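Thanks for making the time this morning. I would like to walk you through one structure that is new to the group, beginning with the whole chain and then moving to a few places in it.

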Amino acid sequence: MSLKRKIFTLTFFTATIPILIISVITFFIFSGEMKEVQSQKMDLISQNIEQSIQNKINSIGETIEHVADTYNEEHEGLTSLNFQINDKYRLKHMTYHMQNLAEEKKAIKFIAFGSSDKKMIFDNLAEDQNLPPNYDPTTRPWYRGALNSKGTYLSKVFIHAGTGNPIVTLSKKIELDGEIIGVLLAMIDLSYIGNEISKFKIENTGSFFIVDKNNKILVDGGDNKKNFDYISKMNLFSRDHFKIIKKTPMGKKLYHIKKIKDLDILLIGSVDEKDINNTILRLRFYIIGIVILTIVFILIVLSVLSKNFDSSLNQLSCVIDSISQGNYSKNIDKLTEVIDEKNELSFINSAIKKMNYEVIKRENNLKYISETDPLTGCYNRRAIIDLIEKEIEQSKNFNLNFSLIMFDLDKFKKINDTYGHLFGDTVLKDISKAISNNIKTTDIFGRYGGEEFLILLPNTKLREGIIIADRLRQTIEKMTWEYDTIITVSMGVIKNTPNDTLDLILGRVDNLLYRAKKNGRNRVEYQE
């Protein structure tokens, strides 16, 4: 392998290997964090759904408590009566509240009352239950559960025989004077919760559904029948909370499984793994793209360096060939010059440092040239206008004060016509120098055009600006010139206002300068 190929192969791998290592490490770090964020997101959604279901059950439990209170004369409508209330009126009043509260709670299928004498009373929302003549509510699980419970009894989930919908019951015993009168029952249709669950989505393809111990989907927040088929034969009730990944003909699916203990059901979230990993895939795409662009850039740079290297070698070859033909003294010096000054391998660091120094130097020179008035050395018109605009914006954002002075040399055209433009240029330069020497380093001085100048005084109130302007006016008036000439200036001073724009503020200060000219020159006009 040639020396040239060795050098550039080493340079290429030295540049690209660290980039590849950093890219791979970055990808794995961020992809791990993104997976953790997605997992936490699914956990949070599951908790929100479980809390939504629990809140619904708690709300209906409060409804049962409220209806029970109406029987026990704790409702305001009964406690205000001043006569003995019989059982028939109690039942009638309670049935009225059963109807109203069932209509308010959309998840309640109906509210019923099973009496201790084996009778059933339904609200108007209940359809015909087709109960057998010998139906005994006191033998039902919801009745017995309520008798053994201190508060409201929540049943396990079961399928309603009439509608085929998943149902749970909340029941509460009613006592009067220590005697159990019966049990109040609320039938809750879990299919209503499906509307709530359907609002919770996982990325673009995922949704939640609820299954019971018989591996039957009770509530579906999407279209999850096929999704559940892939895991339906697993022992899903073995743990309270876990995640699994299952291979399917459509790709891998991620299942988030959480047990709702009170109802003995499972809340399952299903989503395509590729949907979860979309962000990670985009990250991988971007990193690969950056690496490829970097490698292409390195190859381009190496190609350019290779050409330069070949040029140096060709030059060196020509010198050596000339030496071989007998031209010694002249070409030996030239050979030494070529090796010392044009050997890229030996002096590449120095070349880079020099290039960097030259770029910075040129940028500073260009910046100075673009902002500086060539005659006076102060800011030029474009620069001073830009700085005033920035000061206006800053004063609005931070509620700051600033003052602006505009001044003009009095009868400057006559000076030019009388003593010539060279003298006029000297006057402009010397006055600019005097102004620069008599303002703070934080103040900004620029030439607006011709013999007009602007002085921006940041963080300066009007009264202070007036004092500064008058001091500068007196300084210029006291300056001595060739031909015993006296040079004076007229000045306008303003302060900023909340609604200022560049045009408004320049218009106001220009008007004041014009007023100073009109009122006799060599004076300062200002606006409170």
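**A walk through the model**

I will start with a partly exposed residue, I25, which has a relative accessibility of 47% and so falls between the cut-offs of 20% for buried and 50% for exposed. Please keep in mind throughout that what you see is a predicted model. I25 sits in helix 1, which runs over residues 3–71, and together with F13, I17, I21 and I29 it makes a nonpolar surface patch of about 460 Å².

Let me step back to the chain as a whole. The protein chain has 528 residues, of which 40% count as buried, and it contains 15 helices and 16 strands. About 31,100 Å² of the chain is exposed, with carbon and sulfur atoms supplying 53% of that area. If we take the contacts between residues at least 6 apart in sequence, 59% of them join residues at least 24 apart.

Before going further, a word on confidence. The mean pLDDT of the chain is 79, and 78% of the residues reach 70 or more. Over residues 75–85, however, pLDDT stays under 50, and the model has 16 contacts beyond four places in sequence for that stretch. Residues 344–349 also have a pLDDT below 50, and there the model shows seven contacts beyond near neighbours in sequence. Where pLDDT is low, the predicted coordinates should not be read in detail.

Now to helix 13, where a simple check is possible. How far apart should the ends of helix 13 be, given its 17 residues and 1.5 Å a residue? The helix covers residues 421–437 and should span 24 Å, because the expected span counts one less than the number of residues, and its end C-alpha atoms are indeed 24 Å apart. Several of its residues are buried, including F423, G424, V427, L428 and I431, and also S432, A434 and I435. The cover over these buried residues includes strand 12 (402–409) and helix 12 (412–419), along with strand 13 (444–449), strand 14 (452–458) and helix 14 (462–477).

Next, the charged pairs. Side chains of opposite charge can pair when their charged atoms come close. The structure holds 15 salt bridges, and I will show you some of them.

K118 forms one with D136, where the closest N and O atoms are 3.8 Å apart. This pair links distant parts of the chain, 18 residues apart, since K118 lies in the loop between strand 1 (108–115) and strand 2 (120–122), while D136 lies in the loop between strand 2 and helix 4 (141–147). D136 has a relative accessible area of 15%, which means that it counts as buried.

Two further pairs lie within helices. In helix 11, R382 and D386 are four residues apart, about one turn of the helix, and their side chains meet in a salt bridge at 3.5 Å from N to O. R382 is partly exposed at 46% relative accessibility, and D386 is partly exposed at 30%. In helix 14, E477 and R473 are likewise separated by about one helical turn, because they are four residues apart, and their side chains meet at 3.3 Å from N to O. Are these two residues buried or partly exposed? E477 is partly exposed at 34%, whereas R473 is buried at 12%. Finally, D408, D410 and K517 are linked in a network of salt bridges.

I will close with three residues in loops. N399, in the loop between helix 11 (381–398) and strand 12, has a phi near 55 degrees, which is a positive value in a residue other than glycine. N399 counts as exposed, with 71% relative accessibility. Y483 also has a positive phi, near 70 degrees, and is likewise not a glycine; Y483 is found in the loop between helix 14 and strand 15 (489–495) and is partly exposed at 45%.

The third is K216, in the loop between strand 7 (207–211) and strand 8 (217–220), and K216 is partly exposed with a relative accessible area of 42%. What does K216 contact, leaving aside its neighbours within four places in sequence? Its contacts are I159, I210 and V211. The C-alpha atoms of K216 and P166 are separated by 10.0 Å, although the two residues are 50 residues apart along the chain.

Key. Residues numbered from 1 in each chain as written. Predicted model: local features only at pLDDT ≥ 70, side-chain atom pairs only at ≥ 80, totals over all residues. Heavy atoms only, no water. Helix = DSSP H or I, 4+ residues; strand = E, 2+ residues; numbered from the N terminus. Buried < 20%, exposed > 50% of the residue type's maximum accessible area, 1.4 Å probe, protein only. Contact = heavy atoms within 4.5 Å. Patch = residues over 30% accessible without salt bridge, like charges linked within 9 Å, V, L, I, M, F, W, Y side chains within 5 Å. Areas by Shrake-Rupley, 256 points an atom, 1.4 Å probe, with all protein chains shown as cover. Salt bridge = Lys/Arg side-chain N within 4 Å of Asp/Glu carboxyl O. pLDDT = per-residue confidence, 0-100.
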